[in-house]
Amino acid sequence: MLDESAPGRYKPAMNWLSNFVLPKIRAVVTKKPVPDNLWTKCLGCEQMLFHRELEANLRVCRNCGHHLRISADQRLKILFGEGDFTRIELPKTIVDPLKFRDRRRYSDRLREGQTTLGAGSDAVVVAHGEIGGFPAVVAAFEFQFMGGSMGVAAGEAVVAAAKLAVLQEAALILVPASGGARMQEGALSLMQMPRTILAADMVKEKGLPYIVLLTDPTTGGVSASFAMVGDITLAEPGAVVGFAGARVIEETIHEKLPEGFQRAEYLFDHGMVDLVVPRAELHTTLARILGLLRAPNPAATAAAVTPGAL
Ligand SMILES: [Zn+2]
């Protein structure tokens, strides 16, 4: 039908084209978004892993045993096992003190992290509960939040966790998953290194266990501070733990680094780690360690030794 107001144009026909035909064509041409969260590629063996199966196996590859990174929330659930735990609110700290900007504003990066992980969050979460019937405070790093980098907020969270452990006469368990200090906070982030060491000392001085679980990755300023002073140091299989990256070291010393350098197993072989523990055994291992350290009535009794008898 001719449109009288605009000679030469077929108005109803156009409506039919734009309302009916075009959407049909678009539907055929446009690619349907494929859900990209159904499968995850294992970084160890490159096999595609079905997400539901992977989650059920605590994000450990069934094929090669590679331990994929997990969120701090998942970490808390795994460490506390079936037990209840309570996350604590962490002290508010100064935001973007240097008004830092590289390719993007630091404040934008913070906002982005908080959109994903909740308002007020930063790279460390702290919770308390019981492991194997013994009180425990866990501070777990969130790698998703700016690579788990340690700035003022993360340092403050570690101090808060230590204070809580002292208050509750609980063990302190720290779980780093971090690229190191947060460069956007400059020297303030470096100051968190001695602060977190002091936090660990606070717990040790009270005779409470300070346990570190090294996870992938533990590098930079985090590996050079509280992460290396645990009474007992555990590590997840395959975790990269070191100060500087392997490539940087290789280029500096002009030598080929040994096989498995900076991996949990290598550190265990060289006495830096006490035990490499698969993720599925973390809860029971921690319960056993806390039992050994804290049980009021240990299974074995110490025999008195008469002077001169030996
Ligand atoms: Zn694998």
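Start by selecting His128 and Val137 in this predicted model: Val137, in strand 5, is the bridge partner of His128. Now widen the selection to strand 4 (residues 124-131) together with strand 5. The two strands pair in the antiparallel sense, and eight bridges join them.

Next, go to the turn of this hairpin, where two residues lie between the strands. Select Gly132 there; its phi is positive, near 65°.

Stay with strand 5, residues 134-141, and colour the strand by burial. Six of the eight residues of strand 5 are buried, leaving the strand mostly covered.

Now add strand 6, residues 171-175. Strand 5 and strand 6 run parallel and are joined by five bridges. Two pairs can be picked out across this junction. Select Ala136 and its bridge partner in strand 6, Ala171. Then select Ala139, whose bridge partner in strand 6 is Leu174.

To see how the chain gets from one strand to the other, show strand 5, helix 5 (residues 152-168) and strand 6 together. The path leaves strand 5, passes through helix 5 and enters strand 6, forming a β-α-β crossover that is right-handed.

Hide helix 5 and look at strand 6 from either side. Which residues cover its two faces? On one side are Ala171, Ile173 and Val175, and on the other Leu172 and Leu174; all of these are buried. Since five of the five residues of strand 6 are buried, the strand is largely enclosed by the rest of the structure. Burial here means that 20 or more other C-beta atoms lie within 10 Å of the residue's own.

Keep Leu174 selected and move to strand 7, residues 210-214. Val212, in strand 7, is the bridge partner of Leu174. Leu174 is also the strand 6 partner of Ala139, as seen above. Strand 6 and strand 7 pair in the parallel sense, with three bridges between them.

Finally, zoom out to the whole chain. Show its secondary structure: there are 11 helices and 11 strands. The radius of gyration is 26 Å, well over the 19 Å that the globule rule gives for 310 residues, so the chain is more spread out than a compact globule. Turn the model along its principal axes, and the C-alpha atoms fill a box of roughly 120 × 50 × 45 Å. Colour all residues by burial: 34% of the 310 count as buried. A contact map completes the view. Among contacts between residues at least 6 apart in sequence, 67% join residues at least 24 apart.

Methods: Residues are numbered from 1 along each chain as its sequence is written. This is a predicted model: local features need pLDDT of at least 70, side-chain atom pairs count only at pLDDT 80 or more; totals for chains, interfaces and linings use all residues. A residue is buried if 20 or more other C-beta atoms lie within 10 Å of its own, exposed if 12 or fewer, and partly exposed in between; C-beta atoms are placed from the backbone. Helices (H or I, at least four residues) and strands (E, at least two) are DSSP runs, numbered from the N terminus. Two strands pair if DSSP finds at least two bridges between them. A crossover is right-handed if, with the strands pointing away from the viewer, the path from the first strand over the helix to the second runs clockwise. The radius of gyration is taken over C-alpha atoms; the globule rule is 2.2 Å times the number of residues to the power 0.38. Two residues are in contact if their C-beta atoms, placed from the backbone, lie within 7 Å.
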